[in-house]
Amino acid sequence: MPNFEIINEQTETMQIRPATYDDIPVIRENAEVVFRATYADIITPDQMDYMIDWMYSEESLRNQIGAPGKAFFIALDDSRFGGYVSVEMQGKMEDGTPLFHLQKIYVMPQLQGTGLGRKLFEHIVSYLRTVGGAPFRIELNVNRNNKAVGFYEKMGMFRDREGDFPIGRGFYMNDYIYALEVR
């Protein structure tokens, strides 16, 4: 696994920087907003509560920030939190190409459509090029009913496969798996 290094980027007024443990409260607060806005018409409130606790509890975020093979970035400026993106090394493809999983990429509802999502996506691709070079593959799971599938396609990703993945308490993630081959 590559050793991830710190990479900061200024994008207009938003700075994209690595998340720290000190950022956990603001990530949790804003994840609650963006996650609920994203999934309000897609999953049940019970599943939403379960997934927020699973992915955004303090313990879960501590395990995602700064852990070997993982990188978590936030976008913010002096007055607002813009969004976040995280990636994890998954191993290697059969041909030896490094495989990464884009765990999260979310933009606050009021900033969607401003180009911040593109900046976060481009930041993570640039980051992976910097720490590991190319080629590599990035995959992500996206709910089949999530309007973000169009965004991922605009970013050059393609729908590779789909599945229904049990996540506990009888809940499933009904996802497409999108991929991007970076050469």
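1. Rings of Phe, Tyr and Trp are taken as a pair if their centres lie within 6.5 Å. By this rule the count in this predicted model comes to 16 aromatic pairs. One of them joins Phe72 and Tyr84: the ring centres are 5.9 Å apart and the planes meet at 20°, under the 30 degrees required, so the pair is stacked. Phe72 belongs to strand β3 (residues 70-76) and Tyr84 to strand β4, so this pair ties together parts that are 12 residues apart in sequence. Both Phe72 and Tyr84 are buried.

2. A further pair is formed by Phe73 and Tyr127, with 4.9 Å from centre to centre and 75° between the planes, an edge-to-face arrangement. Since Phe73 lies in strand β3 and Tyr127 in helix α4 (residues 116-132), the contact between the rings is best described as a pair that ties together parts 54 residues apart in sequence. Phe73 has a relative accessible area of 1% and is therefore buried, the cut-off being under 20%. Tyr127, at 2% relative accessibility, likewise counts as buried.

3. Ring pairs also build a cluster, which links Phe35, Tyr39, Tyr56, Phe72, Phe81, Tyr84 and Tyr106. The stacked pair of Phe72 and Tyr84 thus has both of its residues among the cluster members.

4. Two charged side chains deserve mention alongside the aromatic rings. Lys104 lies over the face of Tyr56, at 5.5 Å from the ring centre, and Tyr56 is itself a member of the ring cluster. The charged end of Arg62 sits over the ring of Tyr21, 4.7 Å from the centre of that ring.

5. Helix α2 (residues 45-56) has 12 residues and, at 1.5 Å a residue, should span 16 Å; the C-alpha atoms at its ends are 16 Å apart, which agrees. Its buried residues are Gln47, Met48, Tyr50, Met51, Ile52, Met55 and Tyr56. These residues pack against the helices α1 (24-39) and α3 (58-64), and against the strands β4 (81-92), β5 (98-107), β7 (158-168) and β8 (171-182). Tyr56 is thus listed among the buried residues of α2 and also in the ring cluster.

6. On confidence, the protein chain averages a pLDDT of 93, and 93% of the residues score at least 70. Over residues 1-8, however, the pLDDT is below 50, although this stretch has 31 contacts in the model beyond near neighbours in sequence. Where pLDDT is low, the predicted coordinates should not be read in detail.

Note on methods:
Residues numbered from 1 in each chain as written. Predicted model: local features only at pLDDT ≥ 70, side-chain atom pairs only at ≥ 80, totals over all residues. Heavy atoms only, no water. Helix = DSSP H or I, 4+ residues; strand = E, 2+ residues; numbered from the N terminus. Expected span 1.5 Å × (residues − 1). Buried < 20%, exposed > 50% of the residue type's maximum accessible area, 1.4 Å probe, protein only. Contact = heavy atoms within 4.5 Å. pLDDT = per-residue confidence, 0-100. Phe/Tyr/Trp six-rings, centres within 6.5 Å; stacked < 30°, edge-to-face > 60°. Lys NZ or Arg CZ within 6 Å of the ring centre and 35° of its normal.
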